[in-house]
Structures are given as C-alpha cells and as structure tokens.
Amino acid sequence: MMTISVDWQAASGSTACNVEFEGLQWISDIDKKSGGSGQHPSPHELLDSALGACTALTLELYAKRKGYALAGIHVEIDREESGGIYRLIRRIQLLGELDQTTREDLLRIANKCPIHKALSGQFQIDSELI
C-alpha cells in the first residue's frame with residue numbers, strides 16, 4: 001500500500017493544500033473561478049494530467065523496448081462533465097517516421113497505460129475519520 005498525505009491549514013489564509021508522497025511535494029488548489037489563486041493545478045487537473053503523463057511515459061518505454069523510431073509524443077487531454085459522466089478526450093500526437101502498423105500498435109499500448117486502465121475500471125473508495 002502507498003500513502004499520499006494531503007494537508008490544509010486555515011491559518012495559511014489560502015485555499016491551497018500541500019500534497020506529499022515519499023519525500024516529493026506539490027501543491028493543489030481549487031480553480032480560480034471557485035476562489036483559488038490560479039497558481040496551482042486543481043484536483044481535477046491533477047487527475048486529468050495523470051492520464052496524459054502516463055500515456056506519454058508508457059509509450060516512451062514501449063517504443064524504446066520495441067526499437068520504434070518515436071521522436072516525441074504530445075498528449076492533450078480535454079474534460080467534459082455532463083449528466084454525471086466525467087469524460088476525458090485524449091489526443092495523441094506521435095512524432096517520428098512511423099508506419100501505420102507501428103502507429104496502431106502505439107495506440108493499442110496507450111489504451112493499456114496504467115492510469116487509462118484505472119480510470120476505465122471500477123473504483124471503490126473507503127473513507128474513515130482518524
């Protein structure tokens with residue numbers, strides 16, 4: 001099991017919270033239209049960006065292992081929320097001299113990245129006060 005720690009303190013005078021995992025630290029905040037500073041990614045932006053980053057990293061590792069001439073990857077993620085559905089639209093640009101078969105193989109692998117699989121699966125969240 002892994003533990004991510006999130007802390008917010010009223011005395012900070014900010015809506016931002018500090019996030020920590022195994023010595024790494026970052027900040028998340030509510031979006032500007034909801035009263036945040038606009039200086040840090042919101043939880044939704046962190047979730048959405050996880051899909052983009054995981055896609056790029058998964059494709060990078062796979063292409064290296066297969067010896068593909070992949071020169072770069074650009075991933076864009078858009079989010080739409082409507083009728084209780086949280087929809088992510090992922091656009092992947094593959095750079096380099098790649099034939100159609102290789103491009104299709106890379107798309108297949110993109111759909112197997114760990115975050116894609118997690119977000120496409122079923123979630124269970126257990127909450128308790130400590």
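**Questions about a predicted fold**

Visitor: Which residues is Gly 96 in contact with, once its neighbours within four places in sequence are left aside?
Guide: Gly 96 is in contact with Ala 69 and Ala 71, where contact means heavy atoms within 4.5 Å. This is a predicted model, in which local features need pLDDT of at least 70 and side-chain atom pairs count only at pLDDT 80 or more, while totals for chains, interfaces and linings use all residues. Residues are numbered from 1 along each chain as its sequence is written, and side-chain values use heavy atoms, with hydrogens and water left out.

Visitor: Why is Gly 96 called partly exposed?
Guide: The relative accessibility of Gly 96 is 39%, and the term covers values between buried, under 20%, and exposed, over 50% (1.4 Å probe, protein chains only), so Gly 96 counts as partly exposed. Gly 96 lies in the loop between E5 and H2, and its C-alpha is 9.0 Å from that of Tyr 68, although the two are 28 residues apart in sequence. Labels such as E5 and H2 stand for DSSP runs numbered from the N terminus, helices being H or I with at least four residues and strands E with at least two.

Visitor: What makes Thr 58 buried and Ala 56 partly exposed?
Guide: Thr 58 has 18% relative accessibility and therefore counts as buried, whereas Ala 56, at 21%, counts as partly exposed. Thr 58 has its place in helix H1, and Ala 56 is found in helix H1 too. Not counting residues up to four places away in sequence, Thr 58 touches Ile 109, Cys 113 and Pro 114, while Ala 56, with neighbours within four places left aside, is in contact with Ile 73 and Val 75.

Visitor: How do you know that Glu 22 is exposed, and what sets its backbone apart?
Guide: Glu 22 reaches 70% relative accessibility and so counts as exposed; it lies in the loop between strand E2 (17–21) and strand E3 (24–28). Most residues other than glycine have a negative phi, but the phi of Glu 22 is positive, about 45°, although Glu 22 is not a glycine.

Visitor: Which residues make up the largest nonpolar core?
Guide: This core has 9 residues in all, namely Leu 59, Tyr 62, Ala 63, Leu 70, Leu 94, Leu 98, Leu 106, Ile 109 and Ala 110. Two or more of the core residues come from each of helix H1 (43–66) and helix H2 (100–110). The term means a set of buried Ala, Val, Leu, Ile, Met, Phe, Trp, Tyr and Cys residues joined through side-chain atoms within 4.5 Å. Neighbours within four places in sequence aside, Ala 110 is in contact with Thr 55, Leu 59, Arg 90, Ile 92 and His 116.

Visitor: Why is H1 called oblique to H2?
Guide: H1 and H2 pack at an angle of about 135°, with their axes 9 Å apart, and that makes H1 oblique to H2. Under 35 degrees counts as roughly parallel, over 145 as roughly antiparallel, 65 to 115 as roughly perpendicular and the rest as oblique; axes are lines fitted to C-alpha atoms, for helices over the stretch in contact, with angles from 0 to 180 degrees between N-to-C directions.

Visitor: Which residues of H1 and H2 make the contact?
Guide: H1 supplies Thr 55, Thr 58, Leu 59, Tyr 62, Ala 63 and Lys 66, and H2 supplies Asp 105, Leu 106, Arg 108, Ile 109 and Ala 110.
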